[in-house]
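Please open the structure in your viewer and keep the selection panel at hand. The stops below are meant to be taken in order.

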Amino acid sequence: MSSTSSVTRRPVFPFTAIVGQEEMKLALMLNVIDPRIGGVMIMGDRGTGKSTTIRALADLLPEIPVVKDDPFNSHPSDPELMSDDVKQRVSAGQPVSTGTMQVPMVDLPLGATEDRVCGTIDIEKALAEGVKAFEPGLLAKANRGILYVDEVNLLDDHLVDVLLDSAASGWNTVEREGISIRHPARFVLVGSGNPEEGELRPQLLDRFGMHAEIRTVKEPSLRVKIVEERSLFDQDPQHFNDVHQAEQQQLQARLVTAQQTLNQVTIEPELRVQISQVCAELDVDGLRGDIVSNRAAKALAAFEGRTEVTVEDIRRVITLCLRHRLRKDPLESIDSGYKVMKVFNQVFGLEDESELESVNQKQPVGGRR
């Protein structure tokens, strides 16, 4: 949702009008509040609105300040979000022209090459003219935005590694013939896929901060509502967006406030110990599960307008943070989400039945309160 006239941009389905898929929406919003969570892997059926939801989220966010004509979407005043070239110009006191842009949302095509993703160095120009001639790739375009990889489970493992490394470090480095160029590449990585087409390797799956599972809506009345909403949008996108404008602005304000207050949120040492106990009892490898669960709980508390994490915050995020980190037992038919909640209830001393019943109830997210 931007100040840019909607006439100049293709209309985007509003985020607050999306029916259902609360787990996916919550995971995406928490990653926007704190990108250090490490992205979202969305696994589920085809035609469940994955790409629509991600585009809607990017459109919902406020415009960001950028240095004009900079291929890396550099921030005009934050050195951490500047390319080396802009940083040198600012350090030297040279003026830079600034503007604003919509949060970038970049689709990574399935057949993309490493050069297309990372960018290329023109060796001939570098040797002949003595300059680092760099052609930016999709990682440069996605800086400070969202990078969406549909069917990530069909992508070459090496490319997935490159994406995850850039997402974790915030930088992309391209090296060729002894010449090295790097640029900021801070983005929320969102991968999606259909489990029927194969799983990601556990080592790669573990690198995604959160894992949302989505299913086709079975309830007839909800299905009808989804179809009706889509039809109304297709008939008159401008009017449909106008109807949801107030809700969109309200949710945008909540996300911006949460980003600003995130550093003030605290989590009691006892709760941190219990989170780690859940991870240990589930036999989760490494410490990523502990770290992500803490960050996600803090982001949720900030989103709800609080400065202290509660047990309820942890309950709402822990399955998203841990279900994809469990070791798979081929003989076990138990759902990983159920397994995480069972251990969570034991560690936190909660009643299984009442808690599991509340888990199955849909949580209100965003403007739908």
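Helices (H or I, at least four residues) and strands (E, at least two) are DSSP runs, numbered from the N terminus. The model is a predicted one, in which local features need pLDDT of at least 70 and side-chain atom pairs count only at pLDDT 80 or more, while totals for chains, interfaces and linings use all residues. Residues are numbered from 1 along each chain as its sequence is written, and side-chain values use heavy atoms, with hydrogens and water left out.

Begin by selecting Lys328, which lies in the loop between α14 (311–322) and α15 (336–347). Lys328 has a relative accessible area of 62% and is therefore exposed (over 50%; buried means under 20% and partly exposed in between, with a 1.4 Å probe and protein chains only). Add Pro202 to the selection: the two residues are 126 apart in sequence, yet 9.2 Å apart in space, C-alpha to C-alpha.

In the loop between α14 and α15, select Arg325 next, together with Asp206 in the loop between α8 (202–205) and β11 (210–214); the pair ties together parts that are 119 residues apart in sequence. Their side chains meet in a salt bridge of 2.8 Å, N to O (a side-chain nitrogen of Lys or Arg within 4 Å of a carboxyl oxygen of Asp or Glu). Arg325 is buried at a relative accessible area of 7%, and Asp206 also counts as buried, at 16%.

Now colour helix α2 (residues 50–60), where 8 of the 11 residues are buried, so that the helix is largely enclosed by the rest of the structure. From this helix Arg55, which counts as partly exposed at 36% relative accessibility, forms a salt bridge with Asp107, the closest N and O atoms being 2.4 Å apart. Asp107 belongs to strand β4 (residues 105–107), 52 residues from Arg55.

Which residues are linked by ring pairs into a cluster? Select Phe13, Phe233 and Phe240 to see it. Rings of Phe, Tyr and Trp (its six-membered ring) pair if their centres lie within 6.5 Å, with planes under 30 degrees apart counted as stacked, over 60 as edge-to-face and the rest as tilted. Phe13 and Phe240 form a tilted pair, 5.3 Å centre to centre with 35° between the planes, and this pair links the segment before α1 (22–33) to helix α10 (residues 237–243). Phe233 and Phe240 pair edge-to-face, at 5.8 Å and 75°.
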